[in-house]
Amino acid sequence: MQAGAGDLFATDPNANNIRIYALDGTTRIFASGLNSPQGLTFDSFGSLFVADKGSGHVYKYATDGTRTTFASGLVEPIGLAFDGNQLAVAENGKGTVTRIDQDGNPMAFQNFADPFGLTFERPNLYLAGNDALNIIAPMNVVTTFAIPGSRAVAVDGDGNAFVSSSDGSITRVATNGATLTFASGLTTPNGLAFRPKRYSADEEGVGDLFVAETAAGEISHFAADGVRQFFASAEIRSSSLSSACFPASCSTSRPA
């Protein structure tokens with residue numbers, strides 16, 4: 001794969017590819033020939049998983065870039081997140097979150113209307129969609145926050161959830177349940193990812209929130225104080241960017 005924790009992966013559903021962005025904003029195509037690729041996540045072994053909405057597959061890319069079909073027969077899969085040793089998939093066309101075991105076998109988990117983005121931050125699974133953020137705790141206890149037009153979700157190092165909405169805003173949901181508008185004025189923000197630390201002395205930009213703006217075909221990033229900076233654009237201006245994922249921030253350790 002030849003990519004490290006400092007490289008940002010983003011899906012481009014118009015061009016049907018996955019792009020890698022270095023921290024200086026330069027970009028290259030990692031994979032092509034997909035069918036409306038959406039959510040991305042990594043497992044703890046460094047393999048990349050992508051929800052291919054148009055085909056109904058979840059593809060797995062090994063660290064050498066080899067692609068295999070991890071699961072098939074899904075209905076418009078969009079969001080992905082590893083929850084322990086299972087892959088959670090938001091099947092938007094079916095209105096459900098499905099869990100897939102390590103052998104690629106799907107298991108119905110829980111119904112949610114219009115599910116989109118997923119992320120996991122131990123011990124909770126976070127789901128954006130249907131005008132809400134759903135926090136699914138162990139034993140399937142669900143806490144819901146009303147967020148109109150919710151699309152994607154990411155969780156920072158302190159456990160605060162950030163949810164993008166179709167109106168161009170990002171809402172911060174604190175651990176105590178308080179909500180506030182973190183950012184506004186974006187153009188169809190979908191993918192969200194926090195930049196991880198690459199090495200012990202790495203400080204500048206660590207923890208910045210990266211946002212893939214679908215309609216604009218751009219990626220912006222926000223510091224903790226909400227200051228926004230342009231990061232990169234798709235090489236083809238008509239392309240869109242959907243999900244965003246750093247290898248270190250989108251991976252989840254699997255239990256032994």
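## Pairing in this model

Two strands count as paired if DSSP finds at least two bridges between them. By that rule strand β10 (residues 96-100) and β11 are partners, since they are joined in the antiparallel sense over 5 bridges. The model you are looking at is a predicted one. As a reminder, the strands of a sheet pair through backbone hydrogen bonds, either parallel or antiparallel.

## The sheet from β8 to β11

Let's begin with the sheet that holds this pair. It is an open sheet of 4 strands, running in the order β8-β9-β10-β11 with antiparallel pairing. Which strands stand at its edges? They are β8 (77-83) and β11 (106-111); each has a single partner strand, so one side of each is left without a neighbour in the sheet. From one strand to the next, the twist averages 25 degrees.

For a residue-level look at the β10 and β11 pairing, find R99: its bridge partner in β11 is M107.

## The sheet from β16 to β19

Further along the chain numbering, another open sheet has 4 strands, with the order β16-β17-β18-β19 and antiparallel pairing. Here β16 (150-155) and β19 (179-183) take the edge positions, and because each has a single partner strand, one side of each lacks a neighbour in the sheet. The twist in this sheet averages 30 degrees from one strand to the next.

The partner of edge strand β16 is strand β17 (residues 161-165), and the two pair in the antiparallel sense over 5 bridges. If you would like a place to start tracing them, try V155, whose bridge partner in β17 is A161.

Key:
Residues numbered from 1 in each chain as written. Predicted model: local features only at pLDDT ≥ 70, side-chain atom pairs only at ≥ 80, totals over all residues. Heavy atoms only, no water. Axes fitted to C-alpha atoms, helices over the stretch in contact; angles between N-to-C directions.
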